[in-house]
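Student: Could you take me through one part of this protein up close? I'd like to start from a single piece and then see what surrounds it.

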Amino acid sequence: MRTFRKAIFYLSSFIPLYLLLIIQNIKIRNTNDEILPLNEIIKENIFKQTSITIFWFGLFILILLSVTGIVLFFIAYGKADGVIGELSGVDFVREDTMGYIVTYIVPLLSMDISSPRSLLINFILFITIGTFYVKNDQLFMNPLYNLLGYNVFSANRCIYITKLNSSQLRTISKNKDKVNKKNIVGDIYIVEKIENH
């Protein structure tokens, strides 16, 4: 179950890629540059060629699983009761989620959905990245957190996903103020400041 949760978080980190792939590959205009009716868009994009059909159905499943990951993060963990405690760490280093986008998401955009070989190569790359992501607990490398206002910091071998900035975290740590820590997996926590403390 723990590995499944991590895999779902991994899939959700590619939501920007899924949106870019849809924009890059969907055909909504005919050769006369007229917008196609919905039934023609479906016929033109999904049922034109076997590899294209596999791509669209695979992408649909990935999007459904990714939405599950987002719901799990923001509802299950975001609303769950955490543990009241202190933050330990002299310096809070911001994790580089932008490097994740450039290193992993951008190369997958070169996919040619009409080529079975290209789909296979990209599928193998996707699985390889996923294995690294899941085995090494890289759940914090998710650009969605940044897009939704969260910051990702590391300190003393712990990863903190929070809406607080680094100076707020340093002040909380220095003053030994209490925070609400919700463990996601391993040493990765969602951290919220406790108001009126």
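Tutor: Let's begin with strand 3, in what is a predicted model. Strand 3 is mostly covered, since five of its five residues count as buried, and a residue counts as buried when its relative accessible area is under 20%. Both faces of the strand are covered. On one side you will find Asn-151, Phe-153 and Ala-155, and on the other Val-152 and Ser-154.

Now look at what lies beside strand 3. Strand 2, residues 93-94, pairs with strand 3 in the antiparallel sense over two bridges. Find Val-93 and you will see that Ser-154 of strand 3 stands opposite. Strand 4 is also joined to strand 3, by five bridges, and these two strands run antiparallel as well. Here Ala-155 has Cys-158 of strand 4 as its bridge partner. Strands 3 and 4 form a hairpin with two residues between them. In that turn, Asn-156 has a positive phi of about 50°.

From strand 4 we can step one strand further. Strand 4 and strand 6 run parallel and are joined by four bridges. To see this pairing, pick Tyr-160, whose bridge partner in strand 6 is Tyr-189. Now put the pieces together: six strands form an open sheet in the order 1-5-6-4-3-2, with mixed pairing. Strand 1 (83-85) and strand 2 stand at the edges, each with a single partner strand, so one side of each has no neighbour in the sheet.

What covers the sheet strands we have just met? One piece to look at is helix 8, residues 166-175, where Leu-169, Ile-172 and Ser-173 are buried. Seen down the axis of helix 8, these buried residues fall within an arc of 95°, so they line one face of the helix. There is a simple idea behind that pattern. An α-helix has 3.6 residues a turn, so residues three or four places apart point the same way. What covers the buried residues of helix 8 includes strand 3 (151-155), strand 4 (158-162), strand 5 (179-185) and strand 6 (188-193). So our starting strand is among the elements covering that face. Just after helix 8 comes Lys-176, whose phi is positive, near 55°.

Helix 2 (15-25) makes a good second example. Its buried residues are Ile-15, Leu-17, Tyr-18, Leu-21 and Asn-25. Down the axis of helix 2 they fall within an arc of 155°, so they too line one face of the helix. On the other side of helix 2, Leu-19 and Ile-23 are exposed.

Let's turn to the empty spaces. Rolling a probe the size of a water molecule over the atoms shows where empty space is left. The largest pocket has a volume of about 410 Å³. It is lined by 17 residues, and those closest to its centre are Phe-55, Leu-62, Met-111, Leu-119 and Phe-123. Helix 2, which we have just looked at, supplies at least two residues of the lining, as do helix 4 and helix 6 (116-135). By class, this lining has 14 nonpolar, three polar and no charged residues. Helix 6 is also the place of Ile-127, which is partly exposed, with a relative accessible area of 43%.

There are also two cavities of 30 Å³ or more. The largest cavity holds about 40 Å³ of space, and the elements giving two or more residues to its lining are helix 1 (2-12), helix 4 (50-77) and helix 7 (143-147). Helix 4 gives the most, with four residues. The lining includes Phe-9, Phe-73 and Tyr-145, and its residues divide into six nonpolar, three polar and no charged.

The second largest cavity has a volume of about 30 Å³. Helix 3 (38-45) and helix 4 each supply at least two of its lining residues. Among the residues of that lining are Lys-27, Glu-44 and Trp-56, and so is Asn-25, which we met as a buried residue of helix 2. By class, the lining of the second largest cavity has three nonpolar, two polar and three charged residues.

How values were computed. Residues numbered from 1 in each chain as written. Predicted model: local features only at pLDDT ≥ 70, side-chain atom pairs only at ≥ 80, totals over all residues. Heavy atoms only, no water. 1 Å grid on protein atoms, 1.4 Å probe; cavity = no way out; pocket = protein on both sides within 12 Å on 5 of 7 lines; lining within 4 Å. Points joined across faces, edges and corners; volume = space filled by probe spheres on them. Nonpolar A, V, L, I, M, F, W, Y, C, P; charged D, E, K, R; others polar. Buried < 20%, exposed > 50% of the residue type's maximum accessible area, 1.4 Å probe, protein only. Arc of directions from axis to C-beta. Contact = heavy atoms within 4.5 Å. Pairing = 2+ DSSP bridges.
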